[in-house]
Amino acid sequence: MARLSGERVKWFDIPEDPDGAKVKIKHLKKGEVNDIEDQIELYQTMLRPDAAGKMQQEIKVNPAKGDKRYAYLCAAVIDWEKVFGADGKPMDCTDANKILLARDDETFGPFVSKSRIALTELVAAEREAARKNSKA
């Protein structure tokens with residue numbers, strides 16, 4: 001019988017953060033990644049005639065712009081602790097604040113990306129172990 005795998009999350013400490021901030025990262029499933037890709041349209045395929053009039057496929061890369069460039073980050077970061085605004089007050093974990101933090105701190109986006117990769121590898125290892133155990 002098919003079963004849904006449920007949501008997999010993990011807390012990651014922000015390296016060398018003086019306040020001890022940490023971020024809760026959600027593993028993005030393939031369907032969620034596909035949905036994000038649909039929203040930001042990374043590639044556009046067109047048919048154009050060449051000099052001989054023969055139709056040629058052309059692929060145009062459309063880099064995400066504005067807030068859309070943070071779509072993966074916003075989907076993956078679901079909570080945080082000890083993240084503060086410029087006024088020293090705790091910031092709520094909203095998409096607007098996630099984007100604000102990523103724009104202000106150039107290390108936040110790469111940190112989230114590395115954390116997502118680590119979580120994806122952990123999920124893959126857990127699934128492989130579960131698959132092996134189910135055959136036993």
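Two residues are in contact when heavy atoms of the one lie within 4.5 Å of heavy atoms of the other. By that criterion, and leaving aside residues up to four places away in sequence, H27 touches R8, E32, L119, T120, V123 and R127. The model in which these contacts occur is a predicted one. H27 is situated in the loop between strand 2 and helix 1 (30-40). H27 counts as buried because its relative accessibility is 9%, and the cut-off for burial is under 20%.

The overall architecture may be considered next. The chain comprises 4 helices and 5 strands, and these elements succeed one another along the sequence in the pattern β-β-α-β-β-α-β-α-α. The C-alpha trace spans about 65 × 55 × 25 Å along its principal axes. The radius of gyration of the chain is 20 Å, whereas a compact globule of 136 residues would have a value near 14 Å. Of the 136 residues, 26% count as buried. When contacts between residues at least 6 apart in sequence are considered, 53% of them join residues at least 24 apart.

The surface and the charges complete this general description. The accessible surface amounts to about 9,800 Å², and carbon and sulfur atoms account for 52% of that area. There are 24 positive and 24 negative side chains in the chain, and the centres of the two sets are separated by 7 Å.

Some of these charged side chains are paired, and the structure contains 9 salt bridges. One of the pairs joins two strands: E58 and R48 meet through their side chains at 3.4 Å, N to O. E58 belongs to strand 4 (residues 55-61) and R48 to strand 3 (residues 43-49), so that the two partners, 10 residues apart, link distant parts of the chain. E58 has a relative accessible area of 34% and is therefore partly exposed. R48 falls in the partly exposed class as well, with a relative accessible area of 41%.

A further salt bridge connects R103 with D67, and the closest N and O atoms of this pair are 2.7 Å apart. Because R103 lies in helix 3 (residues 95-104) and D67 in the loop between strand 4 and helix 2 (71-76), the pair ties together parts that are 36 residues apart in sequence. Both ends are partly exposed: R103 has a relative accessibility of 47%, and D67 has a relative accessible area of 45%.

Helix 3 also holds a salt bridge of its own, in which the side chains of K98 and D95 meet at 3.1 Å, N to O. K98 and D95 are about one helical turn apart, because 3 residues separate them within helix 3. The underlying geometry is general: an α-helix has 3.6 residues a turn, so residues three or four places apart point the same way. The two partners differ in their exposure, since K98 is buried with a relative accessible area of 5%, while D95 is partly exposed at 42%.

K98 is one of the buried residues of helix 3, which are N97, K98, I99, L101 and A102. The cover over these buried residues of helix 3 includes helix 2, strand 5 (77-81) and helix 4 (108-135).

Salt bridges also occur as a network, which links E7, K26 and E32. E32 has already appeared above, among the residues that H27 touches.

The backbone offers two points of interest. Most residues other than glycine have a negative phi. E16, which is not a glycine, has a positive phi of about 60 degrees. E16 is placed in the loop between strand 1 (9-13) and strand 2 (22-26). Its side of the accessibility scale is clear: E16 is exposed, because its relative accessible area of 81% lies over the 50% cut-off. K82, likewise a residue other than glycine, has a positive phi near 60 degrees. K82 occupies the loop between strand 5 and helix 3, and with a relative accessible area of 49% K82 is partly exposed.

Terms used. Residues are numbered from 1 along each chain as its sequence is written. This is a predicted model: local features need pLDDT of at least 70, side-chain atom pairs count only at pLDDT 80 or more; totals for chains, interfaces and linings use all residues. Side-chain values use heavy atoms; hydrogens and water are left out. A salt bridge is a side-chain nitrogen of Lys or Arg within 4 Å of a carboxyl oxygen of Asp or Glu. Helices (H or I, at least four residues) and strands (E, at least two) are DSSP runs, numbered from the N terminus. Buried means under 20% relative accessible area, exposed over 50%, partly exposed in between (1.4 Å probe, protein chains only). The radius of gyration is taken over C-alpha atoms; the globule rule is 2.2 Å times the number of residues to the power 0.38. Accessible areas come from the Shrake-Rupley method with a 1.4 Å probe; for residues, only the protein chains shown count as cover. Lys and Arg count as positive and Asp and Glu as negative; His and the chain ends are not counted. The place of a charge is taken as NZ of Lys, CZ of Arg, CG of Asp or CD of Glu.
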